[in-house]
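Let's take a friendly walk through a protein structure and look at some of its side chains. Keep the 3D view open as you read.

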Amino acid sequence: METVGLILFLGFGLLIILPFTIIIIVLVVKGKNQSWKGRIVDKNENEVEDEGRVSTYYSVTVELEGGKERKIAVDSKKYNEWKVGDKLEKKKGESWPQKV
């Protein structure tokens with residue numbers, strides 16, 4: 001009887017964990033397969049307080065060569081290094097765009 005309970009527990013666990021794992025893998029692969037060029041048109045810094053702890057989130061808005069805009073979450077180092085007007089290029093196979 002304990003074996004059946006363990007099998008059911010593990011089965012339900014897999015039903016929950018497996019889809020999330022697949023989604024994460026698909027998103028990472030999709031992101032690495034993209035390539036684009038653009039120019040930073042805006043920078044945003046948002047502070048969120050949760051249970052007395054303040055977290056800061058950084059993002060830049062990039063206008064792509066085709067005219068579309070893409071908002072990218074970045075770390076504080078990239079946020080401070082990159083300026084509005086800087087040109088970025090995201091090459092296929094790389095995780096992050098580089099300043100050009």
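Here is a short report on selected features of this structure, which is a predicted model.

**A greasy patch on the surface**

Start with helix 1, which covers residues 2–32 and includes Phe 12. Is Phe 12 buried or exposed? With a relative accessible area of 53%, Phe 12 is exposed, because the cut-off for that word is over 50%. Phe 12 also belongs to a nonpolar surface patch of about 970 Å². Its partners in this patch are Val 4, Leu 8, Leu 15, Ile 16, Ile 17, Phe 20, Ile 23 and Leu 27.

**A pair of rings**

Next, look for aromatic side chains that meet. A search of the whole structure finds 1 aromatic pair. The two rings belong to Tyr 58 and Tyr 79, and their centres are 4.7 Å apart. Their planes stand at 40°, so the pair is described as tilted. A value from 30 to 60 degrees earns that name, because planes under 30 degrees apart would count as stacked and planes over 60 as edge-to-face.

Where do these two residues sit in the chain? Tyr 58 is part of strand 2 (residues 53–64), while Tyr 79 is part of helix 2 (residues 76–81). The pair therefore ties together parts that are 21 residues apart in sequence. Both Tyr 58 and Tyr 79 are buried.

**Charges over rings**

Tyr 79 has another partner to look at: the charged end of Lys 43 sits over its ring, 4.3 Å from the centre. You can find a second case at Trp 96, where the charged end of Lys 78 sits over the ring at 5.2 Å from its centre.

**Salt bridges**

How many salt bridges does a search of the whole structure find? The search gives 2 salt bridges, and the table lists them.

| Acidic residue | Basic residue | N to O distance |
|---|---|---|
| Glu 63 | Arg 39 | 3.5 Å |
| Asp 86 | Lys 99 | 3.4 Å |

In the salt bridge of Glu 63 and Arg 39, distant parts of the chain are linked: Glu 63 lies in strand 2 and Arg 39 in strand 1 (residues 36–50), 24 residues apart. Glu 63 has 30% relative accessibility and counts as partly exposed. Arg 39 is partly exposed as well, with a relative accessible area of 36%.

The salt bridge of Asp 86 and Lys 99 also links distant parts of the chain, 13 residues apart. Asp 86 is in the loop between helix 2 and strand 4 (87–90), and Lys 99 is in strand 5 (residues 98–99). Asp 86 counts as buried at 14% relative accessibility, whereas Lys 99 counts as partly exposed at 46%.

**Two more residues to find**

Go back to strand 2 and pick out Ser 55. Ser 55 counts as buried, because its relative accessibility is 17% and the cut-off for buried is under 20%. Leaving aside residues up to four places away in sequence, Ser 55 touches Asn 46, Glu 47 and Val 48.

Finally, visit the loop between strand 1 and strand 2, where you will find Glu 51. Most residues other than glycine have a negative phi. Glu 51 is not a glycine, yet it has a positive phi of about 55°. At 80% relative accessibility, Glu 51 counts as exposed.

Terms used:
Residues are numbered from 1 along each chain as its sequence is written. This is a predicted model: local features need pLDDT of at least 70, side-chain atom pairs count only at pLDDT 80 or more; totals for chains, interfaces and linings use all residues. Side-chain values use heavy atoms; hydrogens and water are left out. Patches are made of residues with over 30% relative accessible area and no salt bridge: like charges are joined within 9 Å, nonpolar side chains (Val, Leu, Ile, Met, Phe, Trp, Tyr) within 5 Å. Accessible areas come from the Shrake-Rupley method with a 1.4 Å probe; for residues, only the protein chains shown count as cover. A salt bridge is a side-chain nitrogen of Lys or Arg within 4 Å of a carboxyl oxygen of Asp or Glu. Helices (H or I, at least four residues) and strands (E, at least two) are DSSP runs, numbered from the N terminus. Buried means under 20% relative accessible area, exposed over 50%, partly exposed in between (1.4 Å probe, protein chains only). Rings of Phe, Tyr and Trp (its six-membered ring) pair if their centres lie within 6.5 Å; planes under 30 degrees apart count as stacked, over 60 as edge-to-face and the rest as tilted. A charge sits over a ring if NZ of Lys or CZ of Arg is within 6 Å of the ring centre and within 35 degrees of the ring normal. Contact means heavy atoms within 4.5 Å.
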